[in-house]
Amino acid sequence: MSAVPAVEISSLVKRYGSTAAVDGLSFQVAAGTITAVLGPNGAGKTTTVEICEGFRRPDDGAVRVLGLDPWRDGAALRPRVGVMLQDGAGFYPGARPVELLTHLARLHASPLDVSMLVARLGLESLARGRAPLRRLSGGERQRVALAAALVGRPDLVFLDEPTAGLDPQGRRATWQLLDELRAAGVTVVLTTHLIDEAERLADHVVIIDAGRVLAEGTPQELTSGVSDDVIRFGGPPRLDVGSLRAALPAAATVREVAPGSYEVTAPVDPSLLATLTSWCAAQDILAEGLQVGRRSLEDVYLELIGASAGRTAP
Ligand SMILES: Nc1ncnc2c1ncn2[C@@H]1O[C@H](COP(=O)(O)OP(=O)(O)O)[C@@H](O)[C@H]1O
Ligand SMILES: [Mg+2]
């Protein structure tokens, strides 16, 4: 693996009017890895990758892509970098998918085989027909855009929500293709709001919200940095979580994550479990489906995003 990062983002700032969509963001992408930029809608994911793609200019901070400045060195980067915009945007709506891909392939020195890509992405039925992009479903357009990002055999690809709107088979096919790209040494940067996608695919996950990095690491690092376990149980809705909180050790948190669905986060030991079940008994509640588990990336993510929303709320 090269010591020079494929992408280096330092103290990046992008403002739209008085609001900062990207607010001092820094992270690096190691060559030959898959990095997922994970965050809710409006977190600043698209703005960040579009700056890396040279489509938007930063207000402050710096971005290096393959050692170059994407705003100035676009001509040098274009043959080496594949780009898939959000919603598969960016193509003439009258273009026919296979003609488009064949055309793009001709612009590159050693393109991938178009019919192989078409088959891998389940686009054969489109290849037989002559429908232009504007007649395709959203998911089909997305897959054409993914193929267009990959056809030039890039060293680095930026994929903005590549599986949004895809059916489960489409998602799996995309994931497998991205695994293979990594195996072939391609660097992949993707954005997603899907926690399972980040967990399944990424070597490195950067969780962002409100234009800032909240946490980053491998999925394992993100979930093991905290020693807390989580206890989940079901019961009647609107239990007095404050009273349960008060009964438990100070480090515990209690949340009703959905009506009638409770989560206690704490370092779990037998005495804590006993306290919990006796509190339930005192309320005449049978804790249904009670289970103790390690925190998942989803738990970590929801907690980070929740805390971030708390800080930025007016
Ligand atoms: N061209 C623009 N003009 C004004 N505001 C924008 C523009 N693009 C994005 N924003 C705002 O910046 C924030 C971040 O947007 P975006 O980068 O698209 O986030 P994400 O991709 O994570 O959903 C949002 O609040 C969005 O409304
Ligand atoms: Mg976006």
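# Briefing on a two-domain model with one ligand shell described

Leaving aside residues up to four places away in sequence, Leu12 touches Val22, Leu25, Ser26, Thr48, Ile51, Pro58, Gly61 and Val63. Leu12 belongs to strand β1, which covers residues 7-16, in a model that is predicted. The protein has 314 residues, of which 34% are buried, and its secondary structure comes to 12 helices and 13 strands.

**Overall layout**

- The domain assignment divides the protein into domain 1, residues 7-222, and domain 2, residues 227-294, and the C-alpha centres of these two domains are 41 Å apart.
- Measured out along its principal axes, the C-alpha trace spans about 75 × 45 × 40 Å.
- Among the contacts in the protein with a separation of 6 or more, 69% join residues that are 24 or more positions apart.

**Two buried positions in strands**

- Leu12 counts as buried because 23 other C-beta atoms lie within 10 Å, where the cut-off for a buried residue is 20 or more.
- From Leu12 to Tyr301 the separation is 289 residues in sequence, and their C-alpha atoms are 22 Å apart in space.
- Asp160 is placed in strand β6, residues 156-160, and it counts as buried because it has 25 C-beta neighbours inside 10 Å.
- Once its neighbours within four places in sequence are set aside, Asp160 is in contact with Thr46, Val49, Met84, Leu85, Gln86 and Thr191.
- Asp160 and Val268 are 108 residues apart along the chain, and 39 Å separates their C-alpha atoms.

**Nonpolar cores**

- In soluble globular proteins, nonpolar side chains tend to be buried together.
- The largest nonpolar core in this model has 63 residues, and those with the most contacts inside it are Ala36, Leu38, Ala147 and Ala149.
- Helix α6, residues 138-150, supplies the largest share of this core, with 7 residues.
- A second core, separate from the largest one, has 9 residues and includes Ile231, Ala252, Ala266 and Leu276.
- Leu38 touches Thr192, Ile195, Ala198, Val205, Val206, Ile207 and Tyr301, when residues up to four places away in sequence are not counted.

**Surroundings of ligand 1**

- The residues that surround ligand 1 are Tyr16, Ala21, Gly39, Asn41, Gly42, Ala43, Gly44, Lys45, Thr46 and Thr47.
- Sorted by class, this shell around ligand 1 holds 3 nonpolar, 6 polar and 1 charged residues.
- Helix α1, residues 45-52, gives the most to the shell, with 3 residues.

**Backbone details**

- Helix α7 runs over the 16 residues 168-183, and at 1.5 Å a residue it should span 22 Å, which agrees with the 23 Å between its end C-alpha atoms.
- Just after α7, Gly185 takes a positive phi of about 95 degrees.
- Most residues other than glycine have a negative phi, and most peptide bonds are trans.
- Asp87, which is not a glycine, nevertheless has a positive phi, near 65 degrees, and lies in the loop between β5 (81-84) and α3 (97-106).
- Asp87 is partly exposed, because 14 other C-beta atoms lie within 10 Å.
- Arg153, likewise a residue other than glycine, has a positive phi of about 50 degrees, and its place is in the loop between α6 and β6.
- Arg153 is partly exposed, because 17 other C-beta atoms lie within 10 Å.

Technical notes
Residues numbered from 1 in each chain as written. Chains lettered and ligands numbered in written order. Predicted model: local features only at pLDDT ≥ 70, side-chain atom pairs only at ≥ 80, totals over all residues. Domains from an automatic or database assignment. Helix = DSSP H or I, 4+ residues; strand = E, 2+ residues; numbered from the N terminus. Expected span 1.5 Å × (residues − 1). Near = placed C-beta within 6 Å. Nonpolar A, V, L, I, M, F, W, Y, C, P; charged D, E, K, R; others polar. Core = buried A, V, L, I, M, F, W, Y, C linked by C-beta atoms within 7 Å. Buried ≥ 20, exposed ≤ 12 C-beta atoms within 10 Å, placed from the backbone. Contact = placed C-beta atoms within 7 Å.
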